[in-house]
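Reader: I have a structure open and would like to walk through it with you. Could you take my questions one at a time?

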Amino acid sequence: MGEELDNIGQKIRKLRQAKQMTVRELANLAGVTPGLISQIEHGRVSPSLSTLKRILSALGETIISLVEQEVGEQALKGVVRKNERRKVIVRPGLTYELISAKNKAYSMFISYLEPGCDSGDSFYAHEGIESGIVIQGTVEITLGDKKIVLNEGDSITYPSTVPHRWKNVGKVTAIGVWVVSPPSY
């Protein structure tokens, strides 16, 4: 947790101030001295794990919630605005619109597949897992020798190592939201 808990004193001070508590009030609730709270907030000492838990409990927080707040601040850097989405024309009739910020864990995208179009003649296979939901239309997914038809609202998850391909077997553009982990797009 090292990096997530850097500047723990500053985070405690911000939480205390946000809850409109004095140093003395927090110290009383946590069962520590006001001087210790002040030293922690100013980065002069690092609290032991048990002391940190007592202080955070007095603030109505946990170590996990403190880390999650930091992650929330970092998430702002991963915002993808609708008008800034990257579009990839995979082949005629198949377009991807990337909706996840670049990361090493997964890619998430909206696929637009025109009627009668498909992913190509060849099957695809790669490491990882895929999951998707059909928002509009009808898509036939072939996994190995099995064909599965997904209609609006249907979803699927499968290992990407299984050879797969897909085709729009409906009369309207098929739209789906897909997640591939690790990213292969």
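Author: Gladly; what follows is a set of questions and answers on a helix, some strands and some salt bridges. This is a predicted model, where local features need pLDDT of at least 70, side-chain atom pairs count only at pLDDT 80 or more, and totals for chains, interfaces and linings use all residues. Residues are numbered from 1 along each chain as its sequence is written, and side-chain values use heavy atoms, with hydrogens and water left out.

Reader: Let's start with H1: which of its residues are buried?

Author: Helices here are DSSP runs of H or I with at least four residues, strands are runs of E with at least two, and both are numbered from the N terminus. Buried means under 20% relative accessible area, exposed over 50%, and partly exposed in between, with a 1.4 Å probe and protein chains only. In helix H1, residues 8–18, the buried ones are Ile8, Gly9, Lys11, Ile12, Leu15 and Arg16.

Reader: And why do they lie on the same side of H1?

Author: An α-helix has 3.6 residues a turn, so residues three or four places apart point the same way. The arc is taken from the directions from the helix axis to the C-beta atoms. The buried residues share a side of H1 because they cover an arc of only 160° around the axis.

Reader: Which exposed residues does the face turned away from the buried side of H1 carry?

Author: We have just placed the buried set, which includes Ile12 and Leu15. The face turned away from it carries the exposed residues Lys14 and Ala18.

Reader: Now the open sheet: which strands stand at its edges?

Author: Two strands pair if DSSP finds at least two bridges between them. Three strands form this sheet in the order S6-S5-S8, with antiparallel pairing. Each edge strand has a single partner, so one side of it is left without a neighbour in the sheet; the edge strands are S6 (146–151) and S8 (164–168).

Reader: How many bridges pair S5 with S6?

Author: One point of reference is Thr138, which stands opposite Asn151 in S6. Strand S5, residues 138–143, pairs with S6 in the antiparallel sense, and the number of bridges is six.

Reader: How many bridges join S4 to S9?

Author: Strand S4 (residues 129–136) also pairs with strand S7 (residues 155–159), in the antiparallel sense over five bridges. In S9, Trp178 is the bridge partner of Gly132. S4 and strand S9 (residues 174–181) run antiparallel, and the number of bridges joining them is seven.

Reader: On to charges: how far apart are N and O in the salt bridge of Glu97 and Arg85?

Author: A salt bridge is a side-chain nitrogen of Lys or Arg within 4 Å of a carboxyl oxygen of Asp or Glu. Glu97 counts as buried at 8% relative accessibility, while Arg85 counts as partly exposed at 24%. Their side chains meet with an N to O distance of 2.7 Å.

Reader: What is the distance between the closest N and O atoms of Lys87 and Glu97?

Author: Lys87 lies in strand S1 and Glu97 in strand S2, so the pair ties together parts that are ten residues apart in sequence. Lys87 counts as exposed, at 59% relative accessibility. The closest N and O atoms of this salt bridge are apart by 3.4 Å.

Reader: Last one: which residue forms a salt bridge with Lys147?

Author: Lys147 counts as exposed at 58% relative accessibility. Its partner is buried, with a relative accessible area of 18%. The closest N and O atoms are 3.8 Å apart, and the partner is Glu140.
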